[in-house]
Amino acid sequence: MSVFLAKRFLTLLLTLAAASLVVFLVLDILPGNAAQVLMGPDAAPEAVAALSAKLGLDQPAWTRYWHWIGGLATGQLGDSASYGSPVWELILERLALTVPLALLAMALTTVLALLVGVTAAARHNRLGDVGLMGIAQVGIAIPNFWFAILLILLFSVKLQWFSAGGFDGWGEGVLPGLKALLLPALSLAVVQAAILARITRSAVLEVMREDFARTARAKGVSQRAVLWRHVLRNAMVPVVTVMGMQFTELLAGTIVVENVFFLPGLGRLIFQAISNRDLVVVRNCVMLLAAMVVVVNFVVDVLYAVIDPRLKPNDV
């Protein structure tokens with residue numbers, strides 16, 4: 001297992017290095033001058049040149065890249081040109097909303113998907129199975145931003161149970177904060193739960209045909225106990241794989257949903273930084289999302305061996 005972890009960790013580092021190079025090159029070759037955008041079209045060329053020098057835009061690309069990598073290694077991410085604040089402080093402030101939002105959406109996704117998937121598998125080829133999979137198919141087809149608007153119209157405008165947007169911070173308490181994030185999390189979770197439910201159903205049906213499941217039922221173990229205690233755990237390998245990918249998709253999906261609900265999270269920060277052409281903020285935020293994707297995939301690989309001890313390191 002130690003050799004396996006070492007190999008996966010080395011892969012993680014190499015992937016992060018490649019991702020950093022891609023992120024820098026893509027953003028560095030974008031047309032336009034960030035200093036010109038920040039100062040406006042009527043700014044004097046001397047002022048634009050001075051701001052370019054201050055931002056380091058007059059240096060060669062490889063020099064800027066190594067300065068950026070060094071800053072990532074030491075935690076010195078630079079200052080935002082549009083906000084005038086350290087980028088690290090901006091990211092930490094926004095992550096305090098985005099991470100709980102993604103975790104809440106992932107929790108809703110997991111609960112809904114497992115309930116629907118296992119229930120549909122237990123009623124295979126019956127009305128309940130057909131009905132639940134039909135609902136899941138509709139959920140897959142619904143864009144999360146459109147569903148978010150429907151939730152606002154129903155629960156905020158008509159029923160007035162929730163606020164239509166905004167976030168007052170965690171200083172008001174955990175429950176008010178979770179209430180403010182519930183509708184955005186639900187809009188993110190519906191599509192992912194529909195996809196995961198279909199994966200769960202297929203995996204559970206496949207495991208239910210194994211000898212140990214038939215033996216357990218023959219010994220008098222109830223179907224519910226067989227499903228939830230024995231079958232589900234053995235069916236979790238493909239499910240966990242999809243869950244890992246979905247969590248990263250939920251983090252990326254916050255860019256749209258946070259703008260729909262006017263939430264001051266990382267997604268809205270990226271959107272505003274792109275509008276302001278604040279490349280320092282955009283580069284570090286995109287790299288953070290890429291690092292989250294790589295780390296989540298690493299964690300999923302490690303969880304394989306925990307969920308199914310029969311797997312060998314070479315199988316993952």
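Visitor: What makes up the secondary structure of the chain?

Guide: In this predicted model, the secondary structure comes to 13 helices and zero strands. Read from the N terminus on, the elements run α-α-α-α-α-α-α-α-α-α-α-α-α. The C-alpha atoms fill a box of roughly 85 × 55 × 35 Å along the principal axes, and buried residues make up 42% of the 316 residues.

Visitor: Why is valine 157 called exposed?

Guide: Exposed means over 50% relative accessible area. Valine 157 has 53% relative accessibility, so it counts as exposed. Its place is in helix α7.

Visitor: What makes the nonpolar surface patch there?

Guide: Phe145, Trp146, Ile149, Leu150, Leu153, Val157 and Val256 make a patch of about 620 Å². Helix α7, residues 144-158, gives the most to the patch, with six residues. Patch residues need over 30% relative accessible area, and the 53% of valine 157 fits that cut-off.

Visitor: Now to the pockets. How much space lies in the second largest pocket, and which residues are closest to its centre?

Guide: About 260 Å³ of space lies in the second largest pocket. Of the 14 residues that line this pocket, Leu72, Leu77, Met287, Leu288 and Ala291 are the closest to its centre. The elements giving two or more residues to the lining are α1 (2-28), α4 (61-74), α5 (87-122) and α13 (279-307).

Visitor: How do the residues of that lining divide into nonpolar, polar and charged?

Guide: The lining of the second largest pocket has twelve nonpolar residues, two polar and no charged. Leu, Met and Ala count as nonpolar, so Leu72, Leu77, Met287, Leu288 and Ala291 belong to the nonpolar group.

Notes. Residues are numbered from 1 along each chain as its sequence is written. This is a predicted model: local features need pLDDT of at least 70, side-chain atom pairs count only at pLDDT 80 or more; totals for chains, interfaces and linings use all residues. Side-chain values use heavy atoms; hydrogens and water are left out. Patches are made of residues with over 30% relative accessible area and no salt bridge: like charges are joined within 9 Å, nonpolar side chains (Val, Leu, Ile, Met, Phe, Trp, Tyr) within 5 Å. Accessible areas come from the Shrake-Rupley method with a 1.4 Å probe; for residues, only the protein chains shown count as cover. A salt bridge is a side-chain nitrogen of Lys or Arg within 4 Å of a carboxyl oxygen of Asp or Glu. Helices (H or I, at least four residues) and strands (E, at least two) are DSSP runs, numbered from the N terminus. Buried means under 20% relative accessible area, exposed over 50%, partly exposed in between (1.4 Å probe, protein chains only). On a 1 Å grid over the protein atoms alone, a cavity is a set of points where a 1.4 Å probe fits but cannot get out, and a pocket is an open set with protein on both sides within 12 Å along at least five of seven lines; lining residues have an atom within 4 Å of a point. Grid points are joined across faces, edges and corners, and a volume is the space filled by probe spheres set on the points.
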